[in-house]
Amino acid sequence: MNPSEPKREISGNVLLLLTCLLLVGGGNVRFVAQVVHAFPPGAGTLLPLLSLAVAFLAFNLVLFGGLAFGRMTKPVLIAALLTASVTAYFMDSFGTVIGEDMLRNAAQTDAGEAFDLVTFKLLAYFVLLGVLPSVLVWRAPLAWRGWRRELIGRAKLLAVCLLAIALMVMAFGGFYASFIRAHKALRSYANPAYPLLTALKLAGRANEATASMKPAVVAPDAHISKDDRHRELIVLVVGETARADRFSINGYARDTTPRLREAGAISLPDFRSCGTSTAVSVPCMFSPRGMARFDPKRAAGEENLLDVLQHAGVNVLWLDNNSDSKGVALRVPYRDYKSPANNTVCDTECRDEGMLEPLQDYIDSHPAGDIVVVLHQMGNHGPAYYKRYPPAFEKFQPACKSKDLGACSREEIGNAYDNAILYTDHFLGQAIALLKRNDAKFETALFYLSDHGESLGEGGLYLHGLPRPLAPESQLHVPAILWFGSNFNELDQAALMRKRGQRFTHDHLFHTVLGFLEIRTSAYKPELDILDGCRKEE
Ligand SMILES: [Zn+2]
């Protein structure tokens, strides 16, 4: 026996690295093909693509390196290999991704259906990419140098990986913004990270069965004041990704809002959004909580402004040309305008204007009570700003015609963005024209608020969604527009003009709508009503 002969052991980090190299190289043929399809290799994309390969390997090392440690090393790596082999088969053969729907289907599949999917090719994938490497991993003589040294060694590896990812993202910001947002679907090809993370997400969601529960009632005492002898009609436009500083009504040098100017609309130039994403801002705008106390999960378990309006007997309708109402319109009439089935104004995509088409009929078929119509716009949803307006609105040129923002100059991106604002101005102008036609019968008003802003390359940032404390002005400073019909003669225009320079936020929407409709409830806070103090009788 020779005690000096070193045992041929493999360290946990090396085993992890070898496994991740196999996962990245062998299980992601489809992912690579999709990425190359979206970003054809050329002078401008070669370095970003190489950086993506490094970042993807680093990402896998972090994901599995955080779990595959000590006694868990081999089970975690083997689970990853087996999952990856089956996923790779389905992706390579059918071009499918193993996401939420697939996993839900799989959980509900019976043995017969599952057996129908077993083919020779599947077995080949399973054995070559899954079982064989798993046997090698299982039999590998794993070194263990004690907790302290192993933990330090792993921590170093993960730190290097995170640093590598950060450097890649900083070096190619535009490319990664486009990769993450424009080509959202690409992520679902990342194997086995995507199916495993999706499965974790679904398992987490199974624990929160609160969504189907009855929401907590808000303002059950809401009723319309007996003194209110008018009928009110509000068109409330929830804008998308619009920046206050790109509206000429707020002093932007380009004439992006000619119709709002002609209509005599009033801008509140110092308005801030609750969040920097649709999923936070939209429910927050309608919640009585206000942004200081806003919590998406809690808000989902409570009624919102639209429910309060219904308690008071107001006719409420939500038309949506965006993703959906983010849970706000679950209990009010809702129509999807993204598809030509409802929307009559569709070319390359269905336009926001289509939401105005049915409104006159809706108004005419509701002969009593106040009416609040919410129009949730597609607006300036990025990064494909050039898709957000019909060709007639391409006033600012040259406009970026790619959803890969890295492929355009900042000027081209800004041009496309401004053209989309110009189209929103047209849409708001049309909405005001509709309200004017109903001026005789109603006190009419248009409220327009964007849900959040957008970064357009300032400081290397694009798109939106940064956490509020980190978010730049451009993602939080949103346009807010008010317009009132001639029948709303209580308005003290001079008082409103004096007040309009104040700082307002999404918190003001809830109380301003209640105030305009003259709804009485203990939930109403006059200090958050923009129009408080702007009525002649007061
Ligand atoms: Zn949004």
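These legends accompany several close-up views of a predicted model.

**View 1. Strand β7 sits among covered surroundings, with six of its six residues buried.**
Let's start with β7, which covers residues 371–376. Because six of the six residues are buried, this strand is largely enclosed by the rest of the structure. In a regular strand the side chains alternate between the two faces of the sheet. You can follow this pattern here: I371, V373 and L375 point one way from β7, while V372, V374 and H376 point the other way. Whichever way they point, all of these residues are buried.

**View 2. Strand β7 pairs with strands β2 and β5.**
Which strands run alongside β7? One partner is β2 (residues 232–239), which runs parallel to β7 and is joined to it by six bridges. To find this pairing on screen, look for V237, which stands opposite L375 in β7. Strand β5 (residues 315–320) also pairs with β7 in the parallel sense, again over six bridges. Here a handy landmark is V316, which stands opposite V372 in β7.

**View 3. Strand β8 is mostly covered and pairs with β2 and β11.**
Strand β8 takes in residues 443–450, and eight of its eight residues are buried. On one side of β8 you will find E443, A445, F447 and L449, and on the other T444, L446, Y448 and S450, so you can see that both faces are covered. β8 pairs with β2 in the parallel sense over eight bridges, and S450 in β8 is the bridge partner of G239. With β11 (residues 480–484), the pairing is antiparallel, over five bridges. To spot it, look for L449, which stands opposite A480 in β11.

**View 4. A zinc ion is held by E240, T278, D451 and H452.**
Which atoms coordinate the zinc ion? They are two OE atoms of E240, OG1 of T278, OD of D451 and NE2 of H452, at 1.9 to 2.6 Å. Along the chain, the donors follow the spacing E-x37-T-x172-D-H. T278 in helix α13 (residues 278–286) and D451 in the loop between β8 and β9 (455–456) link distant parts of the chain, being 173 residues apart. Are these two residues buried or exposed? Both T278 and D451 are buried.

**View 5. Helix α3 spans the length expected from its 20 residues.**
Helix α3 runs over residues 46–65. At 1.5 Å a residue, this helix should span 28 Å, and its end C-alpha atoms are indeed 28 Å apart, so the two values agree. Many side chains to look for here are buried, including P48, L49, L52, F56 and F64.

**View 6. V131 in helix α7 is partly exposed.**
Helix α7 (residues 120–139) is where you will find V131. Its relative accessibility is 30%, so V131 counts as partly exposed. V131 and L82 are 49 residues apart in sequence, yet their C-alpha atoms are 6.7 Å apart in space. Leaving aside neighbours within four places in sequence, V131 is in contact with L82 and F126.

**View 7. The largest pocket has a volume of about 790 Å³.**
Of the 29 residues that line this pocket, the closest to its centre are V169, Y176, F179, I180 and R187. The elements that give two or more residues to its lining are α3, α8 (147–171), α9 (173–182), α11 (193–206) and β10 (462–463). Which element gives the most to the lining? That is α9, with six residues.

Definitions and conventions:
Residues are numbered from 1 along each chain as its sequence is written. This is a predicted model: local features need pLDDT of at least 70, side-chain atom pairs count only at pLDDT 80 or more; totals for chains, interfaces and linings use all residues. Side-chain values use heavy atoms; hydrogens and water are left out. Buried means under 20% relative accessible area, exposed over 50%, partly exposed in between (1.4 Å probe, protein chains only). Helices (H or I, at least four residues) and strands (E, at least two) are DSSP runs, numbered from the N terminus. Two strands pair if DSSP finds at least two bridges between them. The expected span of a helix is 1.5 Å times one less than its number of residues. Donors are N, O and S atoms within 2.8 Å of the metal (3.2 Å for Na, K and Ca); water is not among the atoms, so sites may look incomplete. Contact means heavy atoms within 4.5 Å. On a 1 Å grid over the protein atoms alone, a cavity is a set of points where a 1.4 Å probe fits but cannot get out, and a pocket is an open set with protein on both sides within 12 Å along at least five of seven lines; lining residues have an atom within 4 Å of a point. Grid points are joined across faces, edges and corners, and a volume is the space filled by probe spheres set on the points.
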